[in-house]
Amino acid sequence: MSAAATRRLTTAQALVRFLAAQYTERDGVRHRLIAGTWGIFGHGNVAGLGQALVEYREAMPYHQGRSEQAMVHAAVGHARHLNRLSAQAVTTSIGPGATNLVTGAALATINRLPVLLLPGDYFASHAADPLLQQLEHPVEADVSVNDALRPVSRYFDRITRPEALLASALQAMRVLSDPAETGAVTLALPQDVQAQAYDWPEEFFADRVWRVRRPAPDPAELAEAVRAIRAAARPLIVAGGGVHHSEAEPALKALVDATGIPVASTQAGKGALRHDHPADLGGIGHTGTAVSDALARTADLVIGVGTRYSDFTTASGTLFQHPGVRFLNLNITAFDAHKLAAGTLVCDARSGLTALPEALAGHRVDAAYEAEYRTGRARWEEAVEGAFRADDDSAVPTQTQVLGALDAVVGDADVVINAAGSLPGDLHKLWRARSPRQYHLEYGYSCMGYEIPAALGVQQAAPGTPVWALVGDGTYLMNPTEIVTAVQENLPVKLVLVQNHGYASIGGLSESVGAERFGTDYRHRVADGSFTGAPLPVDLAANAASLGMDVLRAKTVRELREALATARAATRPTCVYVETAPPSAALPAQAWWDVPVAEVSAREAATDARAAYERAVADRRRHL
């Protein structure tokens, strides 16, 4: 190879230059594949990637994080909002910086969302063993703490020589851009290799476009799907996150308008139809609406589109109860398409949904079925109005009234982010999604601490869009640190901080399974060892203010509405802090969820819960 055809750079410099030249393209629209790099520097990456990011800072934007896990969440939020067509990288030092990536990597891979992880690693030369923060394994010298990332990564490699990057970097980009394979990708970078120079082929740094495929349905599978739909009297579409990732919402609407088949949505799929579409039934499963779950119990054909059928969606196998129910799954991954012994359409969601109306040639569900589900959704809308309504503006709001106040403030383009606690259940049942990207729930991993950093990633992906992070007190205490990054980068995210003095969701679950809410309140310990005393004197609003946010305290429904309107108009990070009244039981779960209960116990609460559990589990079906 001639000198003119190479460029001498360190491994880290070469990697940054390479990443800056990668693009995705779908439907003729090009996106930068790695839009920026999040980083916290330590001895494992500061002299390698840290130096490279300084050298090429005009080509690769850099974002300073405060928590390694949070940086991954921010990158995942960014990728999800951009329909997986653009991702971000995350670099950390070795040791705790690297192991702090594991939770974020699991979240990304479970949700099928791309993120590139670049943790530092031990010396490949072993010249300085054991170095600071190195794991010494007595029989496997090539093992490091980064190997903890293997099971939660869709692709993993340790780059022990500079030239190994040539093949591995291309494989990493292939996986990140592949809609059927994407997730967390890890390139572990020994710190000595990061700093080593090599003569790199110029072709390595040329612009490279990764075309995101839209595979069409197989004709035989399509014909079989059409036969199944024509034969069904009570078909139901379950819309999952794949509808959004494929930008298939218009195609779904066209199919529904043509056929009258109703749509229920998973947490990831909510918003696939606008909330006021007459065939939109809202959420499905344990946190679903009454109308969705009622139709699911009587559906004879369930058409899953881009869903992986988690236990919340299937009510732990108890939801789909029609004696002859069958499943038809449209999914880009055969792994998910074959679940529940389904007939399959292995294809891109938009391609498959576009092909169905023409193939169905005017087929439509019976008018009585349409009238039934429209009546059901009207009844549920009345329940939503009741949950949102506040008859006394001077009262302390309930959590559902907080959502009602926010519902009245947001516009179609606003994004609402949540992940864990009691809020996902209320949001799935109640939220009126006005646009495909408005409802942003991370419920594949349901990771406390996701919301604030994800809001930063979404705000970067959609400048000028109001982005709301809905956070309970338990979640806030897990991971508030990226508030500092929001202030540093002037990202005007809006934080709604709901204080209910404990883990409300798990408290309710604890009570239902006979664990008596033990260990779920934020209260003083009393003499018998329980936590049932007065609420702790913790001021989370003051904490948010200390991290640089503007904070608005709302004590009543009226003050809450005013604070939310002020926050929406704000041009810098703003927190609305509200302490909520005890929740009402007006909208309980509409379907079961399997959390095994102690089979034997001396406590009445547990024995009663076990009896209820055995009654519920008897309804489980194996769909074969």
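Between which two strands is the loop in which Pro130 is found?

## A cis peptide bond in a loop

In this predicted model, Pro130 is found in the loop that runs between strand β7, residues 115–121, and strand β8, residues 155–158. The peptide bond that joins Asp129 to Pro130 is cis, and its omega angle is about -15°.

## Two residues with positive phi

Two other loops hold residues whose backbone angles deserve a careful look. Glu247 is found in the loop between helix α9 (241–245) and helix α10 (249–259), and its phi is near 55°, which is a positive value in a residue other than glycine. Because its relative accessibility is 32%, and the partly exposed class lies between 20% and 50%, Glu247 counts as partly exposed.

Leu340 lies in the loop between helix α13 (334–337) and strand β17 (343–346), and here phi is near 60°, again a positive value in a residue other than glycine. With a relative accessibility of 23%, Leu340 counts as partly exposed.

## How α3 and α5 meet

Helix α3, made up of residues 68–81, and helix α5, made up of residues 102–110, have axes that come within 7 Å and cross at roughly 20°. Since an angle under 35 degrees counts as roughly parallel, α3 is therefore roughly parallel to α5. The crossing in which α3 passes α5 is right-handed.

On the α3 side, the residues that meet α5 are Gln69, Val72, His73 and Val76, while on the α5 side the partners are Thr103, Gly104, Ala105, Leu107 and Ala108. Sorted by class, this contact between the helices has 5 nonpolar residues, 4 polar residues and no charged residues.

## Leu107, a buried residue of α5

Leu107 lies in helix α5. Is Leu107 buried or exposed? Its relative accessible area is 0%, so Leu107 is buried. Leaving aside residues up to four places away in sequence, Leu107 touches His73, Val76, Glu442, Tyr445, Cys447 and Tyr450. Among these contacts, His73 and Val76 belong to α3. Leu107 can also be placed relative to Ala581, since the two are 474 residues apart in sequence and 32 Å apart in space, taken from C-alpha to C-alpha.

## The nonpolar cores

In soluble globular proteins, nonpolar side chains tend to be buried together. In this model, the largest nonpolar core has 79 residues, and those with the most contacts inside it are Ile237, Leu252, Trp468 and Leu470. Helix α15, which covers residues 367–388, gives the most to this core, with 6 residues. A second core, separate from that one, has 46 residues and includes Trp38, Ala74, Leu117 and Leu149.

Which residues does Leu470 touch, not counting residues up to four places away in sequence? Its contacts are Leu403, Leu406, Val416, Ile417, Asn418, Leu423, Leu427, Glu451 and Val496, a list that leaves out those sequence neighbours.

## Thr465 in its loop

Thr465 is found in the loop between helix α18 (451–461) and strand β20 (467–472). Its relative accessible area is 18%, and because buried means under 20%, Thr465 is buried. When residues up to four places away in sequence are not counted, Thr465 touches Ala413, Asp414, Val415 and Gln459.

Terms used. Residues numbered from 1 in each chain as written. Predicted model: local features only at pLDDT ≥ 70, side-chain atom pairs only at ≥ 80, totals over all residues. Heavy atoms only, no water. Axes fitted to C-alpha atoms, helices over the stretch in contact; angles between N-to-C directions. Helix = DSSP H or I, 4+ residues; strand = E, 2+ residues; numbered from the N terminus. Parallel < 35°, antiparallel > 145°, perpendicular 65-115°, else oblique. Left-handed = near helix turned anticlockwise from the far one by under 90°. Contact = heavy atoms within 4.5 Å. Nonpolar A, V, L, I, M, F, W, Y, C, P; charged D, E, K, R; others polar. Buried < 20%, exposed > 50% of the residue type's maximum accessible area, 1.4 Å probe, protein only. Core = buried A, V, L, I, M, F, W, Y, C linked by side-chain atoms within 4.5 Å.
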